[in-house]
Amino acid sequence: MDKYQEQPHLLDRHLEGMMNSLLEIVRDSGSPPPLVHLAFKFLYIITKVRGYKRFLPLFPHEVRDLQPVLDMLAKQNPRDTETWETRYMLLLWLSMICLIPFDLARFDGNLVSVEGQARQPTMDRILEIAKCYLVVSDKARDAAAVLVSKFIVRPDVRQSRMADFLDWVLSMLSKSSSQTMEGTVIVNGMLQALAQLFKHGKREDCLPYAATVLECLDNCKLSESNQMVLRKLGMKLVQRLGLTFVKPKVAKWRYQRGRRSLAANLQAQGAAVQNQKREAAAAAAAEADDDEEYDIPGEIENVVEQLLVGLKDKDTIVRWSAAKGIGRITGRLPKELADDVIGSLLDCFSFQETDNAWHGGCLALAELGRRGLLLPSRISDVVPVMLKALTYDEKRGACSVGSNVRDAACYVCWAFARAYEPSELIPFISHISSALVIAAVFDRDVNCRRAASAAFQENVGRQGTFPHGIDILTAADYFAVGNRVNCYLTISVYIAGFPEYTQPMIDHLINMKINHWDSVIRELATKALHNITPQAPEYMANVVLPRLLPLSVGSDLHTRHGAILACAEITHALWYLPCYQIYFLTVCTLIEKLSLSKMPFRGDPIIGGWQWLINDSLRHLTLVSSGARQHIKESAVSALAALCNEFYINERGEADPALQDELVTQYVSELQNSEEMIRCGFSRALGALPRFLLKGRLQQVLEGLKKVTVISPEDVSFAESRRDALIAIAKVCQTVGVKGDGSQQEYVCRENVDQIYATLLTGVTDYTTDSRGDVGGWVREAAMTSLMEVTLLLVQKEAELIHANVCKQIMCWLAQQSAEKIDKFRAHAGSVFLTLLHFDHPPVPHIPHREELERIFPRWEKETLNWNAASEAFPRITQLLGLPAYQYHVLLGLSVSVGGLTETTLRYSAQSLFDYMKKIQTDPSALEGFCETLLKVFEDNLRNDRVSVPLLTMLDQLLANGCFDMFTEQENHPFPVKLFTLCKEEIKRSKDIRKLRSSIGVFCGLIQFQGDMREKVFFQLFLLLCHPFPIIRKTTASQVYEMLLTYSDVVDPAVMEQAMAILSDTNWEAELPVVRERRNGLCDLLKVPRPQLVAKVRWECAPGVLCSWRCP
């Protein structure tokens, strides 16, 4: 049935067959009770999907069904929670059977039974069943209300039982309190019964009782109840009573739109049609004068007042019911009274009212418009209110309210599109279309954007007068507006291309969005202004910027932030020309090609101009888009290399000393520029310089590039400049070549090789993160590539310059990167690792455990091993844990992967680690060595959240999987003792929820180790049971409960049950004093010392005493 939830009407042709098949089982006297209940359960499922109203007429309603259904209901237990579906369906069936057109007295026959006792009449039996099930708390109550509405209105029942039944209902209402659970159930049933009765009963039958019911309802004061369902049912009953008080007639004065065809609406309307409409309207008005002369009961004022109050209710379902009631009752009132209702309704739209009143008012306006009860004369009053509601947004604390108001305002626009002729809305079309476009593109909430898009589509189809409606709908349809960034930065630019919408969109962004409470919206709004600026540059320059400048120095922080950003974006857009990026690329390419063509410009002043153009391109990389930045940088560097090789070298193959000094000094000085992109450009430029310009200046260049790779507080986020500097170092080394006993100013030699390696190895440790994510990964990737290039260069020239400790560091760091969580960087590290391992011309010296590595990574797998796939990479890399030289770094990398959040990486890395741990379970020395390394990793990364948080998660998994069972038999084993100390130190004064939750699992796992530490573990866990964060207290209690189930031997069996009862029954999210009392009881029970509150000591000196301790 789940497949039919969205389109249940597809079931209609099959409903009767399914029902008959199931009822055959019910009617069969040989069917066991469980099977009968199962049949009713299936019937309920079908009813739930299709709705009981559509399902009800299909029930068989023959005379022969009456007694069996009554007998089955008599056998039911109203309190049985397992068979409520049976009772629900039986009551619905009975509500259909009771419509049979025969007096129920005919079914009674001889009321004296076989035993001589009087039998209850059928009418009383049905009424007693209905009363019984109106006061139950399950779904059968709803069916009982339906039964009442069908049964009481029968002519024979109405005459003899209706008054008594209503007396019983009103007495139950007056006696029951909605403040108790039992009273709420009873009031709910009574209200449902009354609402259904006054809905389906004839007006003349219900009118004598309506005033009494209304008075009783007023006395119940349901509007003060905190039960949403009761307030909604009360609102539903009030409107049904109101409809009973007035005659059931359609108001002749209502507005009627003659044409419903979309095709006709899109065609031009002729003058003759308009004249016919006016004549018809005049005739209708004349008829209305005669028809409206009848008295309106005084109770209607009370009903309308309650419905207007209901529009301001705190719950949407109540407001929606009140809005429908306003629409229904207004349609039966005379024109003057209906206009008074609309006037009172418009009072909801003042800024003294809450968002609930605005929302309810919008729903009511939509209902009135949809029913033709909002006359064209009132449109001029309603449209301004509707436009305000489309942008309603009230700040409340750290967020805002109003999304439901804006959504309802879109519903009003949708209803008006269907209700009015295009000619009626022509004066307001420009305002409505602009407001809907703005809501569809710039609203913060996706449901409002989609509602506005749907309303716009309805207006385009029904009215046919929205400017460029079809074009805009194509770009801003229901699905396209789902992505907020796409709306602000792409769709808005397209729509702003239509002049009718350009200025309203800009004005909305300036007035409503750059001062928005959400910083994301402010930033998106300013970016949208940047993109829209080319559509209206003069308006931006002459109108918008002068308005923004005073706002940028205002008192409101949000407005100031948005105004400054908007000024920057608009100014940038006004200056930024599309041809600017093309200018850079074209000029640099031209210089490169002219240089390669060996044009006869040596010594010509034009070369200085070309050099200036290249330098200018490198200095202005910040002004171009990120997509084009890399192309321009590469083009400028290629042009520089070609220019230098052609025009800066003399016949002796040397550079002019003055030119060399000026160029290198200028480029090295730019490496410390405060702009990151300038550092990037000139780093790559230094890497592209030919050898004759680097000769004698090598150390100066390397020192300059080294400074760029150093992370300082001012440039911690300059990851791209560090990446380009590391790339440049490798390029410089390849350019100058290797000479072991050469000068450090000209070659890579013994004097500078260690410095070069130290700089490159520093890059492998860069784990910088910012809003872009792991930007340090770019640096690590460049460092690994450069290490490979420099190492292979040295191997092929003078391998003796590679020291054993350097080679070990390189391979260990590569192994660590190969075990980490990000697929891209893991794959790159693995590729570099295998390249160095299997290089043969000649082999790289001093690689630790070469033979074992070649066995783990065979040469033939170098190209086929997919490092991106966690399922292939981790089973291999974890084998390096058995090699002492690599164990520390591989374990460090695995800690981040096993304790990470990516499901695939976590699964395969954890499984590979557990496989290794199983392998060494029988080797005490290997396990001891692994534990020592694990503790060393923890100790070295204490308070380093990048490693320590996932490491705690990994430790929790290792302990839970019994990886250290060998140590559980030994008392006070050093490993758990040291691990406990480190964990305790790690979470000291920590407010990191994830870290604290991971540590709880570790502490619970440590309980399995014997010795004095067990009491310390309990003490630490009991400390966490009174942590200031409720989520930590709750998590601790849950995990301690599971711990006691798993390791039942750690607690005396005599107190186990009581301890677990305290852990499970206590509300650990309650106030701390309450929780602390329960925790202390647990401490006493398990004989663990109670944690004591430590008072904060404050030392103060006596007044006038000179103190050297700087007391405040």
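This is a short tour of the enclosed spaces in this structure, to be followed in your viewer with the model open.

Before selecting anything, keep in mind that you are looking at a predicted model. Rolling a probe the size of a water molecule over the atoms shows where empty space is left. In this structure there are 2 cavities of 30 Å³ or more, and the tour visits the largest cavity and then the second largest.

**First stop: the largest cavity**

Select L436, V437, A440, V441, S453, F456, I472, L473, A476 and I495, and display their side chains, since these residues line the largest cavity. Two or more lining residues come from each of the helices α21 (429–442), α22 (446–462) and α23 (469–475), so colouring these elements separately is a helpful next step. Of the elements around this cavity, α21 makes the greatest contribution to the lining, with 4 residues. The space inside the largest cavity comes to about 50 Å³. If you now colour the lining by residue class, you should find 9 nonpolar residues and 1 polar residue, with no charged residues.

**Second stop: the second largest cavity**

Clear the selection and pick C413, F416, A417, L425, I432 and N459, which together line the second largest cavity. Its volume is about 30 Å³. Next, highlight helix α19, which spans residues 403–419 and supplies the largest share of this lining, namely 3 residues. Colouring by class once more, you will see 5 nonpolar residues and 1 polar residue around the second largest cavity, and here again no charged residues.

Methods: Residues are numbered from 1 along each chain as its sequence is written. This is a predicted model: local features need pLDDT of at least 70, side-chain atom pairs count only at pLDDT 80 or more; totals for chains, interfaces and linings use all residues. Side-chain values use heavy atoms; hydrogens and water are left out. On a 1 Å grid over the protein atoms alone, a cavity is a set of points where a 1.4 Å probe fits but cannot get out, and a pocket is an open set with protein on both sides within 12 Å along at least five of seven lines; lining residues have an atom within 4 Å of a point. Grid points are joined across faces, edges and corners, and a volume is the space filled by probe spheres set on the points. Ala, Val, Leu, Ile, Met, Phe, Trp, Tyr, Cys and Pro count as nonpolar, Asp, Glu, Lys and Arg as charged, and the others, Gly among them, as polar.
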